[in-house]
Structures are given as C-alpha cells and as structure tokens.
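Could you open the structure in your viewer and keep the selection tool handy? We will go from stop to stop, and at each one you will hear what to select and what is there.

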There are 2 protein chains.
Amino acid sequence: MPRPAIDFWFDFGSTYSYLAASRIGPLAAEAEVEVQFRPFLLGPIFSAQGWNTSPFNLYSAKGRNMWRDLERLAQDAGLAFRRPEPFPQNSLMAARVALIGLPHGWGERFCIEVFRAQFGDGRPIDQRATLAEILSRIGADPEAALAAAQADDNKNRLRAQTDEAQRLGVYGAPSFVTASGELFWGNDRLEQALRWAKRETGLGV
Amino acid sequence: MPRPAIDFWFDFGSTYSYLAASRIGPLAAEAEVEVQFRPFLLGPIFSAQGWNTSPFNLYSAKGRNMWRDLERLAQDAGLAFRRPEPFPQNSLMAARVALIGLPHGWGERFCIEVFRAQFGDGRPIDQRATLAEILSRIGADPEAALAAAQADDNKNRLRAQTDEAQRLGVYGAPSFVTASGELFWGNDRLEQALRWAKRETGLGV
C-alpha cells in the first residue's frame with residue numbers, strides 16, 4: 001500500500017505560502033503524510049490570467065484585507081510578521097536555489113528560512129546576499145549552490161515545474177495536490193488535503 | 001458591557017455564503033455572539049474592480065476548483081449541493097425580500113432557505129415562484145412580502161446596504177465585520193471573526 005503523500009506547490013513571493021510552509025512539517029508528520037516541496041513561479045500563471053502583478057496589488061480592498069488577515073493569522077500562530085517592500089518580491093533566484101537543495105537534504109529548511117527572512121524580517125529575497133547568508137546558516141555551500149542554481153539545466157527544471165503546476169490546474173499558491181490529482185488551494189485547506197491523502201490510500205476517515 | 005456581535009455580509013449568488021449561512025447560527029449561538037444578517041449586492045462591488053461577472057467565471061482554473069472545493073466542503077458538512085445554472089444567479093429580488101423579512105422574524109430563515117434552494121437543489125432564485133414557495137413554507141405572506149420588497153424605499157435600503165458594505169472595505173462574500181470594524185473575508189474566517197468579537201468586548205481569548 002502506498003504511503004499517503006501530497007505535493008506542496010508554492011511561490012516564494014506568496015504571503016499565504018509563508019504560513020503553509022511554517023505549518024506543513026509538523027502537521028504532515030502528525031498525520032503521517034509525506035510531503036514534497038514543489039517551488040514554482042506564479043508569474044507565468046498570473047500572466048495567463050491577464051495579471052501583470054499580484055492580485056493583491058491589482059485589487060486594493062482585497063490587498064489591504066490580505067495584509068491585515070496575514071498579520072492576525074501570524075500573531076495567532078506565534079509567527080514573526082513584517083511586510084516586505086516591494087511586494088511581491090522577485091522569487092526566481094530563491095526558487096532555483098530551492099530546486100538544488102531539495103534532493104540534497106537542506107531544501108526544506110532553506111525554503112522555510114527564505115519565507116521567514118522575507119515575511120518575518122522583511123528582507124529582500126531577490127538578493128544574492130540574503131540567500132547566501134541563509135545557505136551558510138543552514139550549513140550548505142553558498143557559492144556552489146548559487147552557481148548550480150544558475151545552470152541551464154536547473155533553469156529548465158524550474159520552467160518544467162511551473163508547466164506541471166499549470167497542467168495540474170494550479171492557479172494560486174499555496175496549493176496541495178494528492179497522488180490522485182485532487183487539488184486544494186490555500187493555506188486554509190492544508191488540513192483537509194492531509195486528510196484526503198490518507199483517505200486515498202485507505203487510511204483515516 | 002456590550003454583547004459581542006458581528007455583521008454577516010453576503011450576496012445570495014455567493015457560493016461560500018451558502019456554507020456560511022448554514023453554519024453561522026449554531027456557531028454564533030455556541031459562542032454567544034449576536035449576528036446580524038446583512039444582504040448586499042456584489043455586482044456593483046465587482047464592477048468597481050473591473051469585473052462584469054463572478055471571478056469564478058472570469059478565471060476558469062479558479063472557477064473549476066471552486067466548484068470542486070464547494071462539493072467537498074458540502075459533503076463534509078452533510079449539506080446538499082447542486083450547481084445552479086446559470087451561475088451566478090441574479091440575487092436582486094431575493095436580497096430585497098430578505099430586507100423586508102429581517103426586522104420581522106422570518107428573515108434569517110428565508111435567507112437560509114434561499115441558499116439551500118439555489119445551491120442544495122439548483123433552483124432559480126431570480127424567479128418569483130421560487131421565492132413565493134419559500135415564503136409560504138416559512139409562514140410569511142408571499143404577496144405582501146414581494147410587494148413590499150419592490151417598493152422604492154426598500155430598493156433604496158438595499159442600495160444603502162451595498163454602499164455601506166463598500167465603505168467597510170467589503171470586496172467579496174461572505175464577510176464578517178465586528179463592532180470595531182474588523183473585517184474578515186470568507187467562510188473560512190467565521191470562527192476567527194466570532195472569537196475576535198468576543199475579545200473586543202473583553203470576553204474570550
């Protein structure tokens with residue numbers, strides 16, 4: 001019998017992906033569901049919907065309430081929160097580095113630290129120095145990781161991830177997809193996605 | 001000390017307002033929070049954002065997943081679900097009738113029955129016959145209610161409700177607003193809004 005599993009699709013610029021990245025490890029461990037971190041780029045997916053930036057910038061009432069909502073949720077969860085400027089940040093380099101780290105044991109920690117640097121401390125994640133500091137701190141080799149991240153085959157892997165997200169029907173982040181292709185959108189659906197993954201493999205209710 | 005209270009802002013055409021309307025009574029009673037039902041029209045608010053229909057129609061991947069999400073949530077909640085055609089329905093007449101009923105004791109029941117007719121049974125809520133049947137069933141006078149609903153002063157009250165929603169920063173439905181003006185968007189935020197209302201009046205955590 002396969003072990004229950006979900007893919008966690010996120011863009012580093014996504015505010016609610018910060019909350020999901022902070023919660024998913026302990027929740028999935030408790031539920032005994034395997035999680036695969038799948039960074040991708042929302043930019044091309046938003047472009048296909050006719051948006052040239054985050055909908056939170058395009059729709060101001062929605063954007064204002066999103067920041068307030070995030071502040072309230074972070075406070076309830078005991079998470080640091082600081083609004084980064086500008087928003088959204090360019091998440092390209094961070095996503096490429098994450099793809100290098102994920103098969104090598106330091107990827108998930110890197111992802112969580114990038115989210116925390118950006119939305120906890122308001123630091124710019126499009127800058128090499130920010131990513132290098134995180135890489136050092138978690139014991140990865142910054143020079144090697146940043147060089148590998150910029151190699152053509154890795155750039156192509158990120159493009160392929162984004163294409164795959166779009167094929168799965170992903171239209172925002174975070175999204176969770178089970179083995180059968182069941183798609184759940186938003187941090188609020190994390191618990192339901194974990195339950196669904198268990199149900200699919202004949203476990204849980 | 002004032003009793004904790006929230007306003008429940010909704011449009012009858014809104015899918016997630018169906019879920020919220022079905023849950024809010026028991027949850028608010030348990031939390032000892034007073035709820036005021038505030039029907040309004042999303043149409044003018046969507047128009048101001050440049051949308052001529054529901055965003056679930058404008059953005060097809062988002063729309064597809066919304067219907068699937070609604071189906072899953074309704075099933076978990078033991079609620080009937082049937083997708084109405086067309087979507088969204090014209091909610092104008094139902095909102096006008098609700099405004100007549102809310103000060104007279106049958107308003108909340110009417111609202112819940114309209115949502116159930118539409119999203120539980122797929123019935124057209126823009127038709128007089130649907131609303132008349134519901135009014136009869138809940139013991140209101142259909143002819144009197146429908147006539148009062150179409151009077152000029154009632155039409156103006158609905159316009160004023162929609163203006164008030166917009167002033168409060170409401171950009172989607174359902175929304176919940178506490179006495180201090182704290183705005184929560186979406187069925188997923190109902191529990192948090194109730195907790196917030198209690199906290200505001202010095203009760204709860």
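The tour below begins in a strand, crosses to the partner chain and ends with a few charged pairs. Please keep in mind that this is a predicted model.

**Stop 1: a strand in chain A**

Select residues 5-10 of chain A, which form strand E1. Is this strand enclosed or open? Five of its six residues are buried, so E1(A) is largely enclosed by the rest of the structure.

Now add residues 34-39 of chain A, strand E2. E1(A) and E2(A) pair in the parallel sense, with six bridges. To find your place along the pairing, click on Ala5(A), which stands opposite Glu34(A). Next, show helix H1, residues 15-31 of chain A. Together, E1(A), H1(A) and E2(A) make up a right-handed β-α-β unit.

E1(A) has another partner to look at: strand E3, residues 175-178 of chain A. These two strands run antiparallel and are joined by four bridges. Here a useful landmark is Trp9(A), with Ser175(A) opposite in E3(A).

**Stop 2: where the chains meet**

Colour chains A and B separately and turn to the interface. There, 24 residues of chain B are in contact with 24 residues of chain A. The two chains bury about 2,200 Å² between them, and 41% of that is on carbon and sulfur atoms.

How many salt bridges are there between chain B and chain A? The count is ten. For one of them, select Arg189(B) and Asp188(A): their closest N and O atoms are 3.0 Å apart. Polar contacts across this interface come to 17 residue pairs.

Which parts of chain B should you highlight on the side that touches chain A? Helix H4 (60-77), strand E4 (183-185) and helix H10 (190-200) of chain B each supply at least two residues. H4(B) gives the most, with eight residues.

Stay on H4(B) and select Asn65(B), which is found in that helix. Its relative accessible area is 8%; since buried means under 20%, Asn65(B) is buried. Show its surroundings and you will see that Asn65(B) touches Tyr171(A), Leu183(A) and Trp185(A), as well as Arg72(B) in its own chain, leaving aside residues up to four places away in sequence.

Before leaving the interface, select Arg68(A), Asp69(A), Glu71(A), Arg72(A), Asp188(A), Glu182(B) and Arg189(B) together. These residues are linked in a network of salt bridges.

**Stop 3: charged pairs within a chain**

Over all chains, the structure holds 36 salt bridges. Here are some to zoom in on.

- Glu113(A) and Arg116(A) meet in a salt bridge at 3.7 Å, N to O. They are three residues apart in helix H6 (residues 107-120) of chain A, so about one helical turn separates them. Glu113(A) is buried, at 9% relative accessibility, whereas Arg116(A) is partly exposed at 39%.
- Glu71(B) and Arg68(B) form a salt bridge at 3.4 Å, N to O. This pair is also about one helical turn apart, because the two are three residues from each other in helix H4 of chain B. Glu71(B) is partly exposed at 37% relative accessible area, and Arg68(B) is partly exposed at 28%.
- Arg137(B) and Glu113(B) meet at 2.8 Å, N to O. This pair links distant parts of the chain: Arg137(B) lies in helix H7 (residues 128-137) and Glu113(B) in helix H6 (residues 107-120), 24 residues apart. Arg137(B) is partly exposed at 41%, while Glu113(B) is buried at 9%.

Note on methods. Residues are numbered from 1 along each chain as its sequence is written. Chains are lettered from A and ligands numbered from 1 in the order in which they are written. This is a predicted model: local features need pLDDT of at least 70, side-chain atom pairs count only at pLDDT 80 or more; totals for chains, interfaces and linings use all residues. Side-chain values use heavy atoms; hydrogens and water are left out. Buried means under 20% relative accessible area, exposed over 50%, partly exposed in between (1.4 Å probe, protein chains only). Two strands pair if DSSP finds at least two bridges between them. A crossover is right-handed if, with the strands pointing away from the viewer, the path from the first strand over the helix to the second runs clockwise. Contact means heavy atoms within 4.5 Å. Buried area is the accessible area (1.4 Å probe) that two parts lose on being put together, summed over both. A salt bridge is a side-chain nitrogen of Lys or Arg within 4 Å of a carboxyl oxygen of Asp or Glu. A polar contact is a pair of N or O atoms within 3.5 Å; within protein, one must be able to donate a hydrogen and the other to accept it, and residues adjacent in sequence count only if both atoms are side-chain atoms.
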